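User: I'm new to this one and I'd like to know what stands behind the labels people put on it. Could you go through them with me?

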Amino acid sequence: MLKYIIKRVLWMIPLLVGISLVSFLIMHLAPGDITSNESAFNPKASEESRQKLREMYNLDKPVIVQYGLWLKRMATLDFGKSFASHQKPVFWQTTDKDGNVTKGLIQEALPITLMINLLGLAITLLLAIPLGIIAARKYLGWQDRAITLFNFIGFSIPGFWLSLLLMYWLGVVNNWFPISGLHSLNYDSFDTWGKIKDSLSHLFLPVIIPSITGLAGITLFVKNGMLDVLHQDYITTARAKGLNEHKVIYTHALRNALLPLITIIGLSIPGLIGGSVIAETIFAIPGMGKLFYDAVLMRDFPVVMGILTIGSALTLLGNLLADLMYAWADPRVRRGVVKG
Amino acid sequence: MTNAFSSFTQSASIVLVTLIISACGSSHNPSTSGPDLSKPYPSEAGGILISAMTAEPSGLISMIAGESASSAISSNIFNTLLKYDKNLELEGDLVKSWEISSDQKTIIFRLKPGLKWADDKPLTSADVLFTWQAVTDDKTASPYASDFQLVKKAETPDPLTFTVTYAQAYAPALDSWAGLQILPKHLLQGQDLHTTSFARNPVGSHYYKLDRWTHGENLKLSRNPNSVLGQAKIDQLITRIIPDNSAQFLELMADNIDYMGLDPIKYSRIIPARPELQQKLALYKELGNSYTYMGFNLKHKPFNDVRVRRAINYAIDKQEIIDGVYLGLGINIASPYKPGTRWSNPALTPYPYDPAKARQLLKEAGFADTDGDGILERDGKPFTFEIITNQNKEREKSAVLIQRRLKDVGIDVKIRAIEWASFISRFIKTGDFDVVVLGWGLGLDPDQFNIWHSSQQAPGQFNFIGYHNPTVDQLLEQGRLELNPDKRMKIYHEFARVLLDDSPIVYLSAGYGLTAIHKRVKGIDDPAPPAGIGHNSQDWYIPQPLRRNEISQ
């Protein structure tokens with residue numbers, strides 16, 4: 001088992017280099033660079049100054065040389081500095097000679113996105129599992145149909161549209177929740193409890209909306225898993241033993257029905273750091289999605305590459321983790337793994 | 001910055017907001033409680049003004065940052081040597097007076113005495129010299145360096161005097177000194193301007209100082225007690241970063257921000273339709289220093305033929321574009337200058353909409369519909385071209401209206417909208433286009449050498465349409481050498497006349513800048529003077545009874 005893990009982890013290194021090379025090339029294939037942003041179309045800004053900027057960032061060198069420079073930096077885990085944000089460090093904070101700390105872009109954005117996505121995932125699971133179980137138990141009954149209908153409405157509604165509607169209704173008409181942002185302007189003057197309340201009320205809409213729209217998929221997974229399991233012989237056996245229905249469903253059936261969820265959660269790990277551009281833009285949340293999107297538009301290569309690298313490393317780790325969890329949860333897979 | 005996504009949500013949300021208005025219009029009664037917003041209040045100091053911007057500044061040294069978000073904030077923190085008054089005439093900001101030598105090559109700036117930085121250190125001509133050295137330094141990649149590189153010699157004979165000498169007289173010089181924010185030498189000496197933490201923690205001399213910058217959320221400025229120009233009325237300026245326009249508007253409706261730029265739909269449809277918004281928001285419109293145009297690639301046939309360019313100019317109904325795209329909130333222009341200012345030639349009139357004349361001119365240029373398919377041909381080739389524009393809703397809509405009008409006279413037009421960075425590097429720089437729909441945002445100086453002079457056609461320079469007219473070249477050169485405003489005015493009036501006659505671009509519209517400000521903010525000039533409503537923002541005030549009570553200091 002340990003040998004297997006080590007082998008998998010070592011394999012990730014060439015894979016990561018390959019992924020980064022492809023991303024680097026694709027990014028540079030897109031026309032334009034940091035000097036072709038909107039402010040560079042100012043008649044006062046000269047082409048010489050743009051050329052100077054290109055030289056400063058090595059953008060005048062061939063792409064493969066630029067990739068070499070990037071790889072050399074990455075070997076020491078140095079993600080570099082952003083072109084577009086006054087050369088803020090891409091990943092983690094740096095301290096200059098006067099002791100001024102400059103925080104990293106990913107360092108600032110990641111906790112926010114992670115918190116929103118983890119809360120969202122927790123809420124989705126908390127709702128989806130019971131809903132899936134009910135739908136499976138009352139299969140084709142009105143409860144099942146109602147849940148399916150609700151899920152599909154949630155799935156079909158465009159997130160940004162629902163967001164704006166709820167922002168209007170809960171924020172403007174009723175003033176129950178803040179409309180956008182992460183904190184109130186006078187956040188610092190609150191006591192601890194007030195700060196928690198303020199943060200939670202700001203997070204309510206950004207968390208609840210993706211949860212509603214993401215509910216459909218997971219509910220269906222749970223429902224189908226449950227339906228499969230409920231028709232297995234061992235469930236019939238359990239019932240025949242005279243176990244009460246509650247025990248049959250929650251002890252015997254549910255554990256097996258949830259197995260596929262492990263894969264899904266494993267696969268959603270890279271999504272947890274990704275963040276949604278649309279939600280973050282609408283709710284004015286300085287998270288990873290907006291950071292990445294702006295970096296692509298500004299051709300801020302170090303930031304784009306930094307996020308892609310961390311994202312692909314996490315995807316590979318997520319896959320590994322999902323496989324391991326699966327092996328841990330399912331003896332059949334475990335035996336297969338050991339043999340392989 | 002404009003991009004595909006925001007314009008998408010924007011248009012979608014316009015539909016949404018319109019829906020909301022019809023659906024819930026009645027649920028929100030205009031409250032008659034609370035203080036009366038419309039009665040006059042005496043001017044008093046205090047209060048907080050909250051505004052919003054869509055993008056976060058990258059840093060607050062605007063000569064490095066280069067983007068408008070940066071200068072919007074830093075112009076409250078840093079002074080310049082000169083500034084424009086409400087009528088767009090130059091006046092002293094840090095300087096008490098300035099003199100121009102008789103050979104017009106040297107400018108002597110005399111600083112006001114007793115100037116101080118926010119940290120109590122004296123502000124002297126050494127700081128000005130330092131700033132000039134910083135912007136022209138070879139290691140600094142400032143997009144705005146070129147004006148200052150023309151300075152041959154800069155000296156500080158004493159702490160209150162700063163002199164610059166140019167190799168030859170340079171008329172836009174004064175305007176350039178009105179744009180350079182003076183930085184403190186004692187804090188920046190020996191630092192790399194591109195990486196210094198000063199950009200996030202600046203010390204200036206203007207009305208406000210930066211209190212706190214919460215990354216991605218807001219910037220808080222408070223009054224600078226050392227302000228060199230006296231005290232502003234409002235205590236605190238808070239700028240929230242809200243990337244989405246619709247979210248900004250919802251915040252404005254909910255009274256969480258005081259100040260926001262509007263698009264024409266919000267200005268002329270949404271707000272007037274809602275009494276409770278009309279009651280609390282004052283709307284302002286002012287002509288900006290920018291215009292939208294359709295530009296021909298003059299190196300491509302048949303656009304090298306002036307008759308064809310004029311024909312297309314006659315064939316386009318500009319008023320239709322102003323009414324349809326800008327809901328009437330724009331004006332038709334005939335020169336590349338803001339109407340009503342000194343530089344705009346009042347004798348010029350735009351090309352009228354005259355399809356008959358357009359057909360006549362096209363016929364003279366040798367175009368005829370020989371195969372009867374409704375499209376003109378010359379030498380057997382149909383007259384067809386592609387308009388490219390960046391993904392900007394208003395420009396795309398203008399292109400659609402142009403497409404229809406040109407079809408009427410027998411020209412087949414296709415439209416393509418392209419993401420900005422690709423647009424610039426793939427099409428504009430390479431000159432690989434027929435016709436563009438774009439806009440120019442200009443400074444206040446009339447010099448447009450970089451845009452129209454024939455020497456400015458290299459890739460990355462701004463005469464990308466390839467305009468070449470010896471008369472215009474000569475006028476532009478003259479205009480740069482002439483410091484007398486009246487003589488200069490004549491030069492640029494003549495320049496605009498030749499340009500209109502040559503029709504290298506079709507002026508489509510100069511749009512109004514539209515703003516909504518909560519009525520609790522008093523002291524705003526209405527109607528806006530030529531310099532815009534912001535020219536006296538230091539005198540804006542928020543009377544005590546109208547202040548928000550939920551935000552304590």
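Analyst: Sure, let's take the labels one by one, keeping in mind that this is a predicted model.

User: Let's start with chain A. What is chain A made of, in helices and strands?

Analyst: Chain A has 14 helices and 2 strands. Its C-alpha trace spans about 85 × 60 × 40 Å along the principal axes. Of its 340 residues, 36% count as buried. Among the contacts in chain A with a separation of 6 or more, 66% come from residues 24 or more positions apart.

User: How do α4 and α7 of chain A pack, and what is the handedness of their crossing?

Analyst: Helix α4(A), residues 105–137, and helix α7(A), residues 192–230, pack at about 35° with their axes 6 Å apart. Their crossing is right-handed. As for who sits in that contact, the classes come to 21 nonpolar, 6 polar and 1 charged residues.

User: Over in chain B, why are α17 and α18 called roughly antiparallel?

Analyst: Start with the value: helix α17(B), residues 470–481, and helix α18(B), residues 485–502, pack at an angle of about 160°. The label goes to angles over 145 degrees, so α17(B) and α18(B) count as roughly antiparallel to each other. Their axes are 9 Å apart, and the crossing is left-handed.

User: Which residues make that contact between α17(B) and α18(B)?

Analyst: From α17(B) you have Thr471(B), Val472(B), Leu475(B), Leu476(B), Gln478(B) and Gly479(B). From α18(B) come Arg488(B), Ile491(B), Tyr492(B), Glu494(B), Phe495(B), Val498(B) and Leu499(B). Sorted by class, that contact has 8 nonpolar, 3 polar and 2 charged residues.

User: What about the loop between those two helices: is Asn484(B) buried or exposed, and how do you know?

Analyst: Asn484(B) lies in the loop between α17 and α18 of chain B. Count the neighbours: Asn484(B) has 11 other C-beta atoms within 10 Å. A residue is exposed at 12 or fewer, so Asn484(B) is exposed. Here's another way to place it: Asn484(B) and Val521(B) are 37 residues apart in sequence and 39 Å apart in space, C-alpha to C-alpha.

User: What makes β10(B) largely enclosed?

Analyst: Strand β10(B) covers residues 236–241, and 5 of its 6 residues are buried, so the rest of the structure largely encloses it. To be buried, a residue needs 20 or more other C-beta atoms within 10 Å of its own. As for partners, β1(B), residues 48–53, pairs with β10(B) in the parallel sense over 6 bridges, with Ile50(B) opposite Ile238(B). Strand β9(B), residues 218–223, pairs with β10(B) in the antiparallel sense over 5 bridges, and there Ser222(B) stands opposite Gln236(B).

User: How do you know that β13(B) is mostly covered?

Analyst: Of the 7 residues in β13(B), residues 290–296, 6 are buried. Strand β13(B) pairs in the antiparallel sense with β19(B), residues 435–441, over 7 bridges, and Thr292(B) has Gly439(B) as its bridge partner there. Another antiparallel pairing joins β13(B) to β20(B), residues 505–518, over 4 bridges, with Met294(B) opposite Val506(B).

User: Why do β4 and β6 of chain B count as standing at the edges?

Analyst: The sheet is an open one of 4 strands in chain B, in the order β4-β5-β7-β6, with antiparallel pairing. Strands β4(B) and β6(B) each have a single partner strand, so one side of each is left without a neighbour in the sheet. From one strand to the next, the twist averages 15°. Taking β4(B) as the example, 5 bridges join it to β5(B), residues 106–111, and Glu99(B) stands opposite Ile108(B) in β5(B). Helix α4(B), residues 125–136, packs on the sheet, touching β5, β6 and β7 of chain B, and its direction makes about 165° with that of β6(B).

User: Last one: how many residues does each chain bring to the contact between A and B, and which helix of chain A gives the most?

Analyst: Chain A brings 53 residues and chain B brings 61. On the chain A side, α2, α6, α11 and α12 each supply at least two residues, and α6(A) gives the most, with 8. By class, that side of chain A has 24 nonpolar, 20 polar and 9 charged residues.

Note on methods. Residues numbered from 1 in each chain as written. Chains lettered and ligands numbered in written order. Predicted model: local features only at pLDDT ≥ 70, side-chain atom pairs only at ≥ 80, totals over all residues. Axes fitted to C-alpha atoms, helices over the stretch in contact; angles between N-to-C directions. Parallel < 35°, antiparallel > 145°, perpendicular 65-115°, else oblique. Left-handed = near helix turned anticlockwise from the far one by under 90°. Contact = placed C-beta atoms within 7 Å. Nonpolar A, V, L, I, M, F, W, Y, C, P; charged D, E, K, R; others polar. Pairing = 2+ DSSP bridges.
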